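Dear colleague,

Please find below the structure that I am handing over to you. I would be grateful if you would look at it before you read the notes that come after it.

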Amino acid sequence: MNIETSIPAYIADDFSMYLENMESLSDPENPDFLANYLKVLSAQLASSSKVFDGMVDQLAMAITRSVRIDSKNLAKIDLAQPPLWENIKPYVAVHADARATVTELMNHSEHELKTAVLLIHFYNTYDATPLPPEDEVDTNDDATDSYATYGYDE
């Protein structure tokens, strides 16, 4: 799912860490590496819901396989300013195996849980395709020529 989105300043640092971790652990030569790492984090979280206090990016990784976020509808909310958990909660479904842990997080770490959910949401909608620099944009003056090269050498 690619929805054009920008990362709000209030989660930019945490998002950067989450993105870096997710991308660095996605190894095409070892496709199970990320999945195994996420399982370990999830097990650590299940043993103690406070294990990732102060580490929102790790909390997001720990719950990423346990929550399903309705990003299409969540994107309709103004997220330029930090929303309340009550505004985010209706768009989050939690796997039955993680409900007790997520409930504990809601009771003692609601802000971190909300931020972790937002990190996952923005990661799911993030398009990392780099934009070309403005001075390199091809205007292609030969677009009316039916045999235009469109940037390819002849």
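The notes below go from the whole chain to one buried helix, one buried residue and one pair of helices.

Please bear in mind that this is a predicted model.

The whole chain

The chain contains seven helices and two strands. Read from the N terminus, its elements follow the order α-α-α-β-α-α-β-α-α. Of the 154 residues in the chain, 34% are buried. The chain exposes about 10100 Å², and carbon and sulfur atoms supply 49% of that area. If one takes the contacts between residues at least 6 apart in sequence, 75% of them join residues at least 24 apart.

Helix H3

How many of the eight residues of helix H3 are buried? For this helix, which spans residues 56-63, the count is eight of the eight, so H3 is largely enclosed by the rest of the structure. The buried residues are Val56, Asp57, Gln58, Leu59, Ala60, Met61, Ala62 and Ile63. You may wish to find in the model what covers them: the cover includes H1, helix H2 (32-47), strand E1 (67-69), helix H6 (99-108) and H7.

Thr101 in helix H6

Helix H6, which is part of the cover of H3, contains Thr101. Is Thr101 buried or exposed? Its relative accessible area is 12%, and a residue counts as buried under 20%, so Thr101 is buried. Leaving aside its neighbours within four places in sequence, Thr101 is in contact with Leu45, Ala46 and Ser49.

Helices H1 and H7

Two packed helices are described by the angle between their axes and by the distance between those axes. Helix H1 covers residues 12-25 and helix H7 covers residues 110-125; they pack at an angle of about 60°, with their axes 10 Å apart. The two helices are therefore oblique to each other. The crossing in which H1 passes H7 is right-handed.

Which residues of H1 and H7 meet? On the H1 side they are Asp14, Phe15, Tyr18, Leu19, Met22 and Glu23, and on the H7 side they are Thr115, Leu119, Ile120, Phe122 and Tyr123. The residues of this contact comprise eight nonpolar, one polar and two charged. Both H1 and H7 are also among the elements that cover the buried residues of H3, which links this pair to the helix described above.

With kind regards

Note on methods:
Residues numbered from 1 in each chain as written. Predicted model: local features only at pLDDT ≥ 70, side-chain atom pairs only at ≥ 80, totals over all residues. Heavy atoms only, no water. Axes fitted to C-alpha atoms, helices over the stretch in contact; angles between N-to-C directions. Helix = DSSP H or I, 4+ residues; strand = E, 2+ residues; numbered from the N terminus. Parallel < 35°, antiparallel > 145°, perpendicular 65-115°, else oblique. Left-handed = near helix turned anticlockwise from the far one by under 90°. Contact = heavy atoms within 4.5 Å. Nonpolar A, V, L, I, M, F, W, Y, C, P; charged D, E, K, R; others polar. Buried < 20%, exposed > 50% of the residue type's maximum accessible area, 1.4 Å probe, protein only. Areas by Shrake-Rupley, 256 points an atom, 1.4 Å probe, with all protein chains shown as cover.
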